[in-house]
Amino acid sequence: MLIDIIAGARPNFMKVAALFAIADQYPQLTLRLVHTGQHYDANMSDIFFRDLNLPEPVHHLGVGSSSHAQQTAAIMIGYETWVKANPPQMVVVVGDVNSTVACALVAAKEGIPIAHVEAGLRSFDLTMPEEINRIVTDSLSSLMFATEASAVANLSREGRPLSGIHLVGHVMIDTLFRMKLKAEAITPYADFNLQSHQYAYLTLHRPSNVDDEATLATLCEQILWLSKQLPVIFPVHPRTKARLDNSSLGKQLQNTQAIHLMEPVSYLTSLSLTLNSMMVVTDSGGLQEESSALGIPCLTLRDTTERPITIAEGTNTLIAGDWSLFRRRVGEITTDNIQYSQGKIPYWDGRAGVRILDILSN
Ligand code: UD1
């Protein structure tokens, strides 16, 4: 069976890598990697291909950045041209980025069955572009691979047929386990004269956090407070950089010695910064999960999470604008003698990719 695997933006690359890493064991499946080009900078895309040993894409749509409608439309036009000339028998989309929904729409209209990896997650917040992408993609998918039980419940509540829903675990955690030894061998924090478990690893890129000036100002104040408790390593996403460059608070972060700003980092560097941190402070979905899998405390700077298992069975605390909770949790983490022990979330065992390809080959 000929299968297109779609990847477009940074968090997609580690997810599809889990499928390509084991593809040799499934000679009945031919996996073709299609890159939409939603992310295109060397350190947002190419570096992930190198770190993760991903194959060269068979096709690159080269869409780049623009408004949601323009980006989604450009991906649809490019992908439709590709599938008409080179039709696959199935399309696998991952996660919830614009590339995911755009290619799912094209496949659905071409009558090609869709498998959605990371199906069923819901924040119940329609102001999040990803939530719209998740709902539309799931409604078009005939196979829905879920990472946690809440996702299965969401899909069945929405009336999706149970026969298409499979709780398989998380391909991103497969990749984490595969790459952990390599990440343990590097020490990116040492570039700032820091030691393992003595800094916070911060990332911030959600439009709801960084696009609104007042919200970003509040976050910067909290980051400045955090940097008085422990050093902070902060790789800055291009969206966030554009906003910080225009604000005096951005300059204040830059001029604070305990805050170490960096360009966006590779997968291995990010994994190393996570597993060596004292805590992760983030608005990323992936980091909530990776820190939970590694047993590193995570403080999530959002109002909702579509990944509730990271709170119930992982290490995540949802801050939801409660800055006294944030300060209390930072205080507890910096004073407690934390034992970092690997998480035990059901099915997050490094075999999600095998479960998915087993189902696809049957
Ligand atoms: C996208 C995803 C988000 C994911 C995030 C991870 C959607 C709706 N959002 O958000 O779910 O968590 O990726 O990073 O799909 N830019 C560059 N270089 C690049 C890519 C982007 O400079 O290689 C800049 C551009 O100015 C662009 C901005 O970053 O306008 C935002 O990029 P975009 O892909 O639109 O959304 P993200 O915020 O990255």
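# Reading buried charges and pockets

Modeller: Let's start with a residue you can click on: Arg-134 counts as buried because its relative accessibility is 3%. "Buried" means under 20% relative accessible area, "exposed" means over 50%, and "partly exposed" is in between (1.4 Å probe, protein chains only). This is a predicted model, so local features need pLDDT of at least 70 and side-chain atom pairs pLDDT 80 or more, while totals for chains, interfaces and linings use all residues. Residues are numbered from 1 along each chain as its sequence is written, and side-chain values use heavy atoms, with hydrogens and water left out.

Biologist: Where is Arg-134 found?

Modeller: Arg-134 is found in helix H5, which covers residues 129-140. Helices (H or I, at least four residues) and strands (E, at least two) are DSSP runs, numbered from the N terminus.

Biologist: How do I read a salt bridge, and which side chain meets Arg-134 in one at 2.5 Å?

Modeller: Look for a side-chain nitrogen of Lys or Arg within 4 Å of a carboxyl oxygen of Asp or Glu. Here Arg-134 pairs with Glu-131 at 2.5 Å, N to O. An α-helix has 3.6 residues a turn, so residues three or four places apart point the same way. Arg-134 and Glu-131 are separated by about one helical turn, because they are 3 residues apart in helix H5. Glu-131 also counts as buried, at 2% relative accessibility.

Biologist: Which residues does Arg-134 touch, leaving out those up to four places away in sequence?

Modeller: Contact means heavy atoms within 4.5 Å. By that test Arg-134 touches Asp-96, Leu-121, Arg-122, Ser-123, Met-128, Glu-306 and Arg-307. The side chains of Arg-134 and Asp-96 also share a polar contact of 3.0 Å. A polar contact is a pair of N or O atoms within 3.5 Å; within protein, one must be able to donate a hydrogen and the other to accept it, and residues adjacent in sequence count only if both atoms are side-chain atoms.

Biologist: How many salt bridges does the structure hold?

Modeller: There are 19. In one of them, Asp-138 meets Arg-122 at 2.9 Å, N to O. That pair links distant parts of the chain, 16 residues apart: Asp-138 is in helix H5, and Arg-122 is in the loop between strand S5 (114-117) and H5. Asp-138 and Arg-122 are both buried.

Biologist: Are the partners Arg-243 and Asp-211 buried or partly exposed?

Modeller: Arg-243 is partly exposed, at 31% relative accessible area, and Asp-211 is partly exposed too, at 36%. As for a network, salt bridges that share partners join Lys-15, Asp-96, Glu-118, Glu-131, Arg-134, Glu-289, Arg-302, Glu-306 and Arg-307 into one.

Biologist: What is the nearest side chain of opposite charge to Asp-51?

Modeller: Arg-50, 6.1 Å away; Asp-51 is buried yet has no salt bridge. For charge, Lys and Arg count as positive and Asp and Glu as negative; His and the chain ends are not counted. Asp-51 sits in helix H2 (residues 42-52). Its side chain makes a polar contact of 3.2 Å with that of Ser-266, and it reaches the backbone nitrogen of Tyr-267 at 3.2 Å. Tyr-267 is one of the buried residues of H12, a helix spanning 267-275 in which 9 of 9 residues are buried.

Biologist: Next, open space. Which residues lie nearest the centre of the largest pocket?

Modeller: On a 1 Å grid over the protein atoms alone, a pocket is an open set with protein on both sides within 12 Å along at least five of seven lines, whereas a cavity is a set of points where a 1.4 Å probe fits but cannot get out; lining residues have an atom within 4 Å of a point. Grid points are joined across faces, edges and corners, and a volume is the space filled by probe spheres set on the points. The largest pocket holds about 1,100 Å³. Its lining has 49 residues, with Arg-10, Pro-11, His-39, His-205 and His-237 nearest the centre. Among the elements that each supply at least two lining residues are H2, H5 and H12.

Biologist: And how many cavities of 30 Å³ or more are there?

Modeller: The count is 1. The largest cavity has a volume of about 30 Å³, and its lining includes Phe-177, Lys-344 and Trp-348.
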